[in-house]
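I opened this model to look up its charged pairs, its cysteines and how far the prediction can be trusted. My notes follow in the order I made them.

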Amino acid sequence: MRRKPSPTGRWGCCCRPHGARSKNAIDQYRRSAGQSDYAYRGSTWAGNENPQRAGFAAPAGTGFGTAITNPDAIAALTGSNPDAYAKLYPGAPFNTPGRFDNSTVRFPALPSVEQQDVEYQRLGLTASYQWQIGDRTRLSIDGLYSRFKNRSTIAQVQPVGLNRNNTNAVYNTAGNNLTPSAARALYPGICAPNAGSALVPAQDCGQQLYGTTPAFSTALNAQGQLVASVLAPSAVVPGTVAAGDPAASNIFSTNPFNLDPYDYYNNPNSVGYIPSSNRLAYRGSLIGRPSVRLQDVNVTNGSVDYLVASNVDFRSAVDQSIYTTKFKQASLQLDHDFTDNFRAVFIGGMSESTNDTEGTLVEFNRMDSPGNFVFDARGGGKMPLMDLGFDAADPNNWDTVKGFSAIRRYLRYTKNTYKQGKIDFDWRVNPDFSIGFGGNYREYAFSTRQLERNNDLLNPTLREAGTRASAVGQVVDFGQGLDVPEGSLTSFYVPSIAAFDQLFDFTCNCVNKWGDWRLTDRRNGGRENFGVLEKDTGVYVQFDWTSELFGRPFRGNAGTRIAITDVTSNGTTPAGRGIVGSNRYTDFLPSLNAVFEPVDDLLVRLGASRVMARPLLGNLSPSITGLSIPNTGDSVGATLTIGNPRLNPFRSTNLDASIEWYFAPGGLLSIAGFNKQISSFPQTISFSGPLSQFADAATIEAIRAQITNPAQLAYLNANNPFVARQFADAPGGYLRGFELSYQQELDFLPWYFKNLGLQLNYTYIKSELSYILDPGRAASGNLAAIPATTGAAPFLGVSPQSVNGTLAYETAKFRARVSVAYRKGYSQTYPIAGGSCAPGLQNSPANPRSPARRAMRRWSTTSSSAATRPMSMRR
């Protein structure tokens, strides 16, 4: 708000409340590009089959010799139409002829149909106070408070079997020879009891309410005979290990209302019992992509735009987020004129923002659906045809799956604070020349803490609760406002969060008859709990002039700024031990702006500057969010996900020029050109290198302190490589283009049309950045050095061409405007996957039984030259 100067000693204040509320329903189709879109990626079959496979079920009738002998596994891993299967392996440049483990053909791994209900309430209050202390001194104080409440509920249905790989070499050859303990180890969703500590969360597996009494009095033994139950203590008693279990152990549950997956599927007393010959019932239904049977495929330019598949797994889910954000800000400004030509302005202030979020998710699943799933994008348009192959609105087609269906709840608390102090001096040396100088200090702090369940998959099923999906869900009608292709689903059945909570009381933060619903901030070592403190110090000097050049007006400014940045971040290792990261860098940022008026109403502008933008605080965490080190004696195979407190800012050198013609009052015709030479920018990458390449000595010692396995310690001591996911500094590139603008008040038109105004704008941009595919590695142990690998692609999220237009109508009592915008398709994701090695197994010739094959499989599923394929496009 502007205020005119008050007489000395006068003051004024104002206060303004404001608020808003909204409720919207949004139907949408969504498909996010990712590395799982590649046929081979993350889907290498476990086992020793030859030829090695990665991807979908093999053609019907395929034999695997002694590599896969379990009839259930053979049935799960075969059945594709040979012609459809062959289309995913068309030869160069998408795969090596004769190989089935390295196809870079892309397909829709996670297409989703969604309906999102969004409600929000906004409340705000602003207040200002101003005091004219003296003729040359004024004090202004401003305050702001706002509260924003938001509830977002997303109901969605999607195939989830196209992006998972749960093959298992033991399962492939299993006969009726596995002990119950060995068979149990092949199932997901197994409970591991833990008493908890300052570093790890407690986990109840039934012992708190049911002790060590088996859930059933009888169970099947290793010979498939029904005998008296023998409980495995390691399944329910914290501190015990499987090696100490009785050899005759045949049951792993004490809670009859939430059984262990093995007991649920293989104990004749269970409501989920399925007879089998090897006590591995239902295990084959949990495999994912390698058991999906291709029926028909069309590939265009390396991308599947038509897919018909059976034996697909599906998910129907409701994902809800409720959050409240509160923002408080106060600032003070003191203006003082020392003389008529020398003045100073001091500004100080601080702000605080808090966000409290509760997230919940419940889901139904349908595994190995026998119908044909159809995805057809050959017709173009904003949404492909998507037919699930069954009536998705019928609750009888949905259920919860033991060890697979998730019930998720989390609480997240985030706090951002900002403090600032700055002082600016302005010395007007003469009417045509002035000098400005000053300094500033800013402090940004960010912290977040998350409470969540220790394991989202340790859940009872609806059958264990004595109910069905029809009692705990609702039908969603889809397609309002969308051009849904004929044949696509237009309704689907989803679970109800409220109904699930009423049934299981999963929001109780307790242990009840159904399971352990407690929330902890120590899951995975508390990887979601971290904080960053950034301190920015800067000084500047600027010279402003007004003069003449060739007898015409010439004005501008030139100066430089020095910015010093200090970053300290705190996080945890996967075992919950604290680690600290730090960074410090200094930037010199000169700038020049000049304006020349060669004739009246025509301006020529030139500008040059060096700029920087600091990375997001959340990317500077040193927290290790995932850590896996081989315990088998291998020298490769470790993986790591870690933040990067040493991340550098976005830096570029900018050149700008424009010509502006003000041909009439309110009229403008201009052309502007720009060139931005980008020297670095943050990018998320996956790469291989020794731990010392991306973690400092203190972090490595913190990791070492949590490890007791000799083989893992030896791996660290040898400085063997890790495949790491981390933000890194990409080398840069350029962004250049031009912009045309036209603006005019159409007051020359007759009648009411004279109140019209028109604005038109066209922008053309050409860009190319060097994205890191693999940053290379230094020589380590027995591994040779690898040079850095980069790939060129456009600046993400920037359209190469865009047009904007606005038609306005304005009088003293009425104002209206209509705007239109068009932007050409732009790159959204690049690279989809990173790495310097080729897809598939890396030993040559390919021999799936060789040690090299076993070692390199881990790498081949996380690194690929396929990153050089085209990126996804959005229109």
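**Charged pairs**

I began with Arg30, which counts as partly exposed because its relative accessibility is 37%; for my cut-offs, buried means under 20% relative accessible area, exposed over 50% and partly exposed in between, with a 1.4 Å probe and protein chains only. I note that this is a predicted model, where local features need pLDDT of at least 70, side-chain atom pairs count only at pLDDT 80 or more, and totals for chains, interfaces and linings use all residues. Residues are numbered from 1 along each chain as its sequence is written, and side-chain values use heavy atoms, with hydrogens and water left out.

Which residue does Arg30 meet in a salt bridge? I found Glu114, at 2.6 Å from N to O; a salt bridge here is a side-chain nitrogen of Lys or Arg within 4 Å of a carboxyl oxygen of Asp or Glu. Arg30 sits in strand β1 and Glu114 in strand β4, 84 residues apart; helices (H or I, at least four residues) and strands (E, at least two) are DSSP runs, numbered from the N terminus. Glu114 is buried, at 1% relative accessibility.

Next I looked up Asp313, which forms a salt bridge with Arg164, the closest N and O atoms being 2.4 Å apart. Asp313 lies in strand β10 and Arg164 in the loop between β5 and α3, so the pair ties together parts that are 149 residues apart in sequence. Asp313 is buried at 1% relative accessible area, and Arg164 is buried at 17%.

My third pair was Glu464 and Lys402, with 3.0 Å between the closest N and O atoms of their salt bridge. These two are 62 residues apart, Glu464 in the loop between β15 and β16 and Lys402 in the loop between β13 and β14. Glu464 counts as buried at 10% relative accessibility, as does Lys402 at 3%.

I also noted a network of salt bridges linking Arg408, Glu452, Asp456 and Arg523. The full count of salt bridges comes to 30.

**Cysteines**

How many disulfides are there? I get two, taking a disulfide as a pair of cysteine sulfur atoms within 2.5 Å. Cys191 and Cys205 form one, with sulfur atoms 1.9 Å apart, and Cys508 and Cys510 form another, at 2.0 Å. The Cys191 and Cys205 link is left-handed, with -85 degrees about the S-S bond. For Cys508 and Cys510 the torsion is about -90 degrees, so that disulfide is left-handed.

Cys191 is buried at 14% relative accessibility and Cys205 is buried at 13%. Cys508 is partly exposed at 23%, and Cys510 is partly exposed at 22%.

Why is Cys13 not bonded to Cys14? The Cys13 sulfur is 7.2 Å from that of Cys14, its closest cysteine sulfur, and that is too far for a bond.

**Confidence**

I finished with pLDDT, the predictor's confidence in each residue from 0 to 100. The chain averages 88, and 92% of the residues score at least 70. Helix α7 has the highest mean among the elements, 98, and strand β35 the lowest, 31. Over residues 842-875 the pLDDT is below 50. My reminder to self is that where pLDDT is low, the predicted coordinates should not be read in detail.

Key:
Contact means heavy atoms within 4.5 Å.
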